[in-house]
Amino acid sequence: MASHRPSRTRTLILMRHGKSAYPEGVADHERPLAPRGRTQAGLAGEWLRSTQPPIDAVLCSTSRRTRETLEATRVGAPARFAEELYGAYPSEVLTEIVRIEPSVRTLLVVGHAPGMPSTALDLSGNPDTGDANRMREKFPTSALAVLTVPCDWDELTSSAASLAAFHVPR
C-alpha cells in the first residue's frame, strides 16, 4: 500500500544582496543598493516567480542593502530580519534556518558573501558539479543558489541538501 504522508522535501534559496553603493561616511551595515543592484534584485525576483515554488517565508539580514534587495525582488512572503545573518558563516546561517516553522516549504534567505555561497556549498556537500564550480569561482551580487532539502528544517545539517540550480540575474 502506498504511503500518503506528505513529502518532507523543501526548497531553500540562498541569495546574495544586490550591488551596493559606497557613499562616503556611511557605515557598512547602512550602505544602500546602487541603481544596478535594484535592477539585479528585480530580475532575481522575476526569475524566482517564474521558476521556483511560491516562497512561504524569508530570512533576511538586517543590513540596509539586504532589506532593499528583498524589497526590489517584490517577494511578498512574511520576512524575519536577523542580525545574525550579517557577516554570518554557514553554521550561523544554519542556526537561523533550523528555527523555521515546519509548515514553510520554500524559504528565501537574503544575506552576504561569503556566507551565502559558503552555506550553499556546505549544505550541498561541496559537490564537483558545473553549478557548484561556478559558485566557487564567483557568487556575484543578486546570485541565487537553490537547494533541495529532503528533511524538515530542524533536521538540516551539513551535506544534507543537494544543489538544484545556481542563477545570476543579468
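The following legends describe an overview and several close-up views of a predicted model.

**Figure 1. Overall fold of the chain, with five helices and six strands.** Read from the N terminus, the elements follow the order β-α-β-α-β-α-β-α-α-β-β. The radius of gyration is 15 Å, close to the 15 Å that the globule rule gives for 170 residues, so the chain is as compact as a globular protein of that length. Along the principal axes, the C-alpha atoms fill a box of roughly 65 × 35 × 30 Å. Among contacts with a separation of 6 or more, 71% are made by residues 24 or more positions apart.

**Figure 2. Surface and charge of the chain.** Buried residues make up 51% of the 170 residues. The exposed area of the chain is about 8,300 Å², and carbon and sulfur atoms supply 52% of this area. The chain carries 20 positive and 19 negative charges, and the mean positions of the two sets are 5 Å apart.

**Figure 3. Surroundings of Val58 in strand 2, which spans residues 57-61.** Val58 has a relative accessible area of 2%; because this value is under the 20% limit, Val58 counts as buried. Beyond the residues up to four places away in sequence, Val58 touches Leu70, Val75, Ala77, Pro78, Ala79, Arg80, Leu107, Leu108 and Val110. For one of these partners, Arg80, the separation from Val58 is 22 residues in sequence and 6.2 Å in space, C-alpha to C-alpha.

**Figure 4. Surroundings of Thr66 in helix 2, which covers residues 64-73.** The relative accessible area of Thr66 is 0%, so this residue is buried. The side chain of Thr66 is joined to the side chain of Ser63 by a polar contact of 2.9 Å. When residues up to four places away in sequence are set aside, the residues that Thr66 touches are His17, Cys60, Ser61, Val110, Gly111 and His112. Val110 thus appears in the contact lists of both Thr66 and Val58.

**Figure 5. Helix 4, residues 115-123, and the elements that cover it.** The helix is mostly covered, with seven of its nine residues buried. These buried positions are Gly115, Met116, Pro117, Thr119, Ala120, Leu121 and Leu123. Their cover includes three strands, namely strand 1 (10-16), strand 4 (106-111) and strand 5 (144-149). Helix 3 (90-97) and helix 5 (130-137) are also included in this cover. Just after helix 4, Gly125 adopts a positive phi of about 75°.

**Figure 6. Thr119 within helix 4.** Thr119 counts as buried, because its relative accessibility is 0%. A polar atom of the Thr119 side chain lies 2.6 Å from the backbone oxygen of Gly115, and Gly115 is itself one of the buried residues of helix 4. Apart from neighbours within four places in sequence, Thr119 is in contact with Leu14, Tyr89, Pro90 and Val93. Strand 1 (10-16) and helix 3 (90-97), both part of the cover of the buried residues of helix 4, appear in this view alongside these partners.

Key: Residues numbered from 1 in each chain as written. Predicted model: local features only at pLDDT ≥ 70, side-chain atom pairs only at ≥ 80, totals over all residues. Heavy atoms only, no water. Helix = DSSP H or I, 4+ residues; strand = E, 2+ residues; numbered from the N terminus. Rg over C-alpha atoms; globule rule 2.2 N^0.38 Å. Buried < 20%, exposed > 50% of the residue type's maximum accessible area, 1.4 Å probe, protein only. Contact = heavy atoms within 4.5 Å. Areas by Shrake-Rupley, 256 points an atom, 1.4 Å probe, with all protein chains shown as cover. Lys, Arg positive; Asp, Glu negative; His and termini not counted. Charge placed at Lys NZ, Arg CZ, Asp CG, Glu CD. Polar contact = N/O pair within 3.5 Å; in protein donor to acceptor, adjacent residues only side chain to side chain.
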